[in-house]
Amino acid sequence: YIAAKISQAALRHYREDSETWVRVLQSEHGGFLEDYAFLAKAALELYKTTGAEKYLNWSKTLTEEGIANFEDPNSPFFIFKSKNQLLSPIIAVDDGVMPSANAVMAQTLSDLGHLLNRKEYLELAEKMLQAIQPYLEESISDYSCWAMLYAQWAYPQYEIIIVGSKADMLTKEIKKRYLPNVLFQQSQNPSDLPLLKERFFFSQRKCRKISFQSCHINNMSCVI
């Protein structure tokens, strides 16, 4: 609830010129990858929790701006700062006290790729994982956020789609269980999003039962 209230205030002040908005200090030297990566990730998590598509759209917009402003033509990773004419581009990939912005971008690209059926997002996330793999093998403790994403790609990922007037309640109920590698998407209204399209029925109730055994889902894609 608190996160949603904060995001509402942020959205009210969001402008097309997000480069000057994201960084509170409004530095004349340009924004930082962290600004876009963490805010896009936060918006995506709010979408997963609430089902409000405005958060999904905001996450997508910030991610695309991040790609446009920080993409490095010589690397699958993103540079740290968008404008720096005096220094060579800085690329940070290791996870410290905070996850690296590159790891967060890769996670968001992966989730958005599945939710929006955007192949180019998935391909970019995969290239980043392939490039980081040698570092994981050397010292996985320094790349914990990357390791989480690598595990998602190494094992089957499941999708739970919940639609209808009780979607929010059912989503919260199912999330009480520990369900690794599960991507949730919910909606209380008809939607044209790839995983939600033609899932909503007004005239009749269609339901596919799902069963949980040892916290694993039997169906690859489940619809409630």
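Okay, one cut-off before we start: when I call two helices roughly antiparallel, I mean that the angle between their axes is over 145 degrees. Keep that in mind for the first pair. And a reminder that what you see up there is a predicted model.

So, the first pair is helix 3, residues 33-50, and helix 4, residues 53-70. Their axes come within 8 Å and cross at roughly 160°. By that cut-off, helix 3 and helix 4 are therefore roughly antiparallel to each other. The crossing of these two is left-handed. Who makes the contact? On the helix 3 side you have, among them, Leu33, Tyr36, Leu39, Ala40 and Tyr47, and helix 4 brings in residues including Leu56, Trp58, Leu62, Gly66 and Phe70. Sorted by type, the residues of the helix 3 and helix 4 contact come out as 13 nonpolar, five polar and two charged.

Let me zoom out for a second. The chain has eight helices and five strands. Going along the sequence, the order is α-α-α-α-α-α-α-β-α-β-β-β-β. There are 224 residues in the chain, and 41% of them count as buried. On contacts: take those with a separation of 6 or more, and 62% of them in this chain come from residues 24 or more positions apart.

Now the second pair, helix 6, residues 119-138, with helix 7, residues 144-154. Here the axes come within 10 Å, crossing at roughly 120°. That makes helix 6 oblique to helix 7. The handedness of this crossing is left-handed. Helix 6 contributes Leu122, Ala125, Glu126, Met128, Leu129, Ile132, Gln133 and Leu136, while helix 7 offers Trp146, Ala147, Leu149, Tyr150 and Trp153. By type, that contact of helix 6 with helix 7 has eleven nonpolar residues, one polar and one charged.

Staying on helix 7: which of its residues are buried? Those would be Cys145, Trp146 and Leu149. They cover an arc of only 100° around the axis, so they sit on the same side of helix 7. And what do the buried residues of helix 7 pack against? Helix 5 and helix 6.

Helix 8, residues 167-174, is a similar exercise. Its buried residues are Ala167, Thr171 and Ile174. Looking down the axis of helix 8, they fall within an arc of 70°, so they line one face of the helix. The background here is that an α-helix has 3.6 residues a turn, so residues three or four places apart point the same way.

Last bit, two single residues. Leu116 is in helix 5, residues 101-116. With a relative accessibility of 14%, Leu116 counts as buried. Beyond its neighbours within four places in sequence, Leu116 is in contact with Leu56, Lys60, Tyr121, Leu193 and Pro194. Take Lys60: Leu116 is 56 residues from Lys60 in sequence, yet the C-alpha to C-alpha distance is 9.3 Å.

The other one is Ile91, in the loop between helix 4 and helix 5. Is Ile91 buried or partly exposed? At 34% relative accessibility, Ile91 counts as partly exposed. Not counting residues up to four places away in sequence, Ile91 touches Asp72, Ser75, Phe77, Phe78, Ile79 and Asn102. With Ile79, the separation is twelve residues in sequence and 4.7 Å in space, C-alpha to C-alpha.

That's it from me, happy to go back to any of these on the screen.

Note on methods: Residues numbered from 1 in each chain as written. Predicted model: local features only at pLDDT ≥ 70, side-chain atom pairs only at ≥ 80, totals over all residues. Heavy atoms only, no water. Buried < 20%, exposed > 50% of the residue type's maximum accessible area, 1.4 Å probe, protein only. Helix = DSSP H or I, 4+ residues; strand = E, 2+ residues; numbered from the N terminus. Arc of directions from axis to C-beta. Axes fitted to C-alpha atoms, helices over the stretch in contact; angles between N-to-C directions. Parallel < 35°, antiparallel > 145°, perpendicular 65-115°, else oblique. Left-handed = near helix turned anticlockwise from the far one by under 90°. Contact = heavy atoms within 4.5 Å. Nonpolar A, V, L, I, M, F, W, Y, C, P; charged D, E, K, R; others polar.
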